[in-house]
Amino acid sequence: MPSSLAHRLLVAAALILPGFCATAATLQFAGYTWTVRDGQGGPGPNTWSADNAWVDEDGLHLRVSYHDGQWRCAEVTTTQPLGFGRYQFQITGRPDQWDRNVVLGLFNYTTPEIGPDGSNEIDIEFAQWGAADNPRRLNWTIYPAVAGLPPLHHAVPIVLTGSATTHRFDWTASGVHFQSLHGYQASGLRNLFAEWSQTPADPQLRIPQRPLPVHLNLWLFRGQPPSDGQPVEVVIRSFSFTPHR
């Protein structure tokens, strides 16, 4: 994995150079700096490996793999929070065919100064949540701006026509609009196959109102290994953010 060389050199330096202070690995993708997760923790809980995220000419690769007796997952997060606007993700992969325990998340997520877990989050997730008979693999969720309120959630079945899809959400102060399309789409509604909008009467409570970091992760539901025992990889071909003026 060519892009992991820098990370391996960083780890090696931390081991052999006196006084060297290792910092979290980062990568460059789509014009942003992303922190690469490494260690233990939720969701799952899972083991996260910096070696399972890298960038090449195809885009940002995220992988779930088995190594040294453990299943390892991948997550990257923008160092810069982003606010109201259009978030668009082109992906290469077949999440409609993945194992029931594999989850892909494309989402904004809260930070401690904004609010606790269960608030201030806008999710696109591909998951069966461990249930092989669950056809609703495409999940959209909006967590409220204040803790304690239930999230807004919608899920739909998906049957893709190929490995190229585009997914986006438009986030404003009053609501969120999700769209999913077959193929790599820069704009417009060509090959739209699913959409969902929420504009609640009380958006200051129900819709996140402050800029949030973007997270991309590939992980295992409840930390359970793929039931088929197979590794999984997805490529985020592109990510774009267009702020609302």
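# Questions about a predicted model

Me: Let's start with Ala-74: in which strand does it lie?
Reply: Happy to. Keep in mind that this is a predicted model. The residues 70-78 form one strand, and Ala-74 lies in it. That element is strand 7.

Me: Is Ala-74 buried or exposed?
Reply: The relative accessible area of Ala-74 is 0%. A residue is called buried under 20%, so Ala-74 counts as buried.

Me: Which residues does Ala-74 touch, apart from those up to four places away in sequence?
Reply: The contacts fall in several stretches of the numbering. Among them are Trp-48, Asn-52 and Ala-53, along with Leu-62 and Arg-63. The list is completed by Leu-216, Asn-217 and Leu-218.

Me: How far apart are the C-alpha atoms of Ala-74 and Val-64?
Reply: Along the chain, Ala-74 and Val-64 are ten residues apart. In space, their C-alpha atoms are separated by 6.7 Å.

Me: Which three residues touch the most other members of the largest nonpolar core?
Reply: The largest nonpolar core holds 56 residues. One of the three, Leu-62, is also touched by Ala-74. The names you want are Leu-62, Leu-216 and Phe-239.

Me: Which residues does Phe-239 touch, leaving out those up to four places away in sequence?
Reply: Phe-239 is one of the residues with the most contacts to other members of the largest nonpolar core. Its partners include Phe-29, Ala-30, Tyr-32 and Trp-34. The others are Leu-82, Tyr-87, Gln-88, Phe-89 and Val-214.

Me: Now to the pocket: what is the volume of the largest one?
Reply: There are 19 residues lining the largest pocket, and those closest to its centre are Pro-43, Tyr-109, Asp-117, Glu-121 and Glu-125. Strand 7, strand 10 (121-126), strand 11 (138-143) and strand 16 each give two or more residues to that lining. The pocket has a volume of about 390 Å³.

Me: How many charged residues are in the lining of the largest pocket?
Reply: Sorted by class, the lining has six nonpolar and seven polar residues. The charged ones number six.

Me: Which peptide bonds, from Gly-42 to Pro-43 and from Gly-44 to Pro-45, are cis or trans?
Reply: Pro-43 is found in the loop between strand 3 (39-41) and strand 4 (46-48), and Pro-45 lies in that loop too. For the bond from Gly-42 to Pro-43, omega is near 0°. The bond from Gly-44 to Pro-45 also has omega near 0°. The Gly-42 to Pro-43 bond is cis, and the Gly-44 to Pro-45 bond is cis.

Me: Where is Asp-96, and is it buried or exposed?
Reply: Asp-96 is found in the loop between strand 8 (85-92) and strand 9 (102-108). Its relative accessible area is 11%. The cut-off for this class is under 20%, so Asp-96 is buried.

Me: Which backbone nitrogen does the side chain of Asp-96 reach?
Reply: The side chain of Asp-96 makes a polar contact with the side chain of Arg-94 at 2.9 Å. Beyond its neighbours within four places in sequence, Asp-96 is in contact with Arg-137, Ile-158, Val-159 and Leu-160. At 3.0 Å, the Asp-96 side chain reaches the backbone nitrogen of Leu-160.

Me: Which backbone oxygen does the side chain of Thr-110 reach?
Reply: Thr-110 lies in the loop between strand 9 and strand 10, and with 8% relative accessibility it counts as buried. Further along the sequence, its contacts include Pro-116, Asp-117, Ser-119, Asn-120 and Leu-212. The side chain of Thr-110 comes to 2.8 Å from the backbone oxygen of Gly-115.

Me: What is the phi of Asn-191?
Reply: Asn-191 is in the loop between strand 14 (176-182) and strand 15 (192-198), and at 40% relative accessibility it is partly exposed. Although Asn-191 is not a glycine, its phi is positive. The value is about 65°.

Me: And what is the phi of Arg-222?
Reply: Arg-222 sits in the loop between strand 16 (214-220) and strand 17 (232-243). With a relative accessible area of 60%, Arg-222 is exposed. Its phi is positive, in a residue other than glycine, and lies near 55°.

Terms used
Residues are numbered from 1 along each chain as its sequence is written. This is a predicted model: local features need pLDDT of at least 70, side-chain atom pairs count only at pLDDT 80 or more; totals for chains, interfaces and linings use all residues. Side-chain values use heavy atoms; hydrogens and water are left out. Helices (H or I, at least four residues) and strands (E, at least two) are DSSP runs, numbered from the N terminus. Buried means under 20% relative accessible area, exposed over 50%, partly exposed in between (1.4 Å probe, protein chains only). A polar contact is a pair of N or O atoms within 3.5 Å; within protein, one must be able to donate a hydrogen and the other to accept it, and residues adjacent in sequence count only if both atoms are side-chain atoms. Contact means heavy atoms within 4.5 Å. On a 1 Å grid over the protein atoms alone, a cavity is a set of points where a 1.4 Å probe fits but cannot get out, and a pocket is an open set with protein on both sides within 12 Å along at least five of seven lines; lining residues have an atom within 4 Å of a point. Grid points are joined across faces, edges and corners, and a volume is the space filled by probe spheres set on the points. Ala, Val, Leu, Ile, Met, Phe, Trp, Tyr, Cys and Pro count as nonpolar, Asp, Glu, Lys and Arg as charged, and the others, Gly among them, as polar. A nonpolar core is a set of buried Ala, Val, Leu, Ile, Met, Phe, Trp, Tyr and Cys residues joined through side-chain atoms within 4.5 Å.
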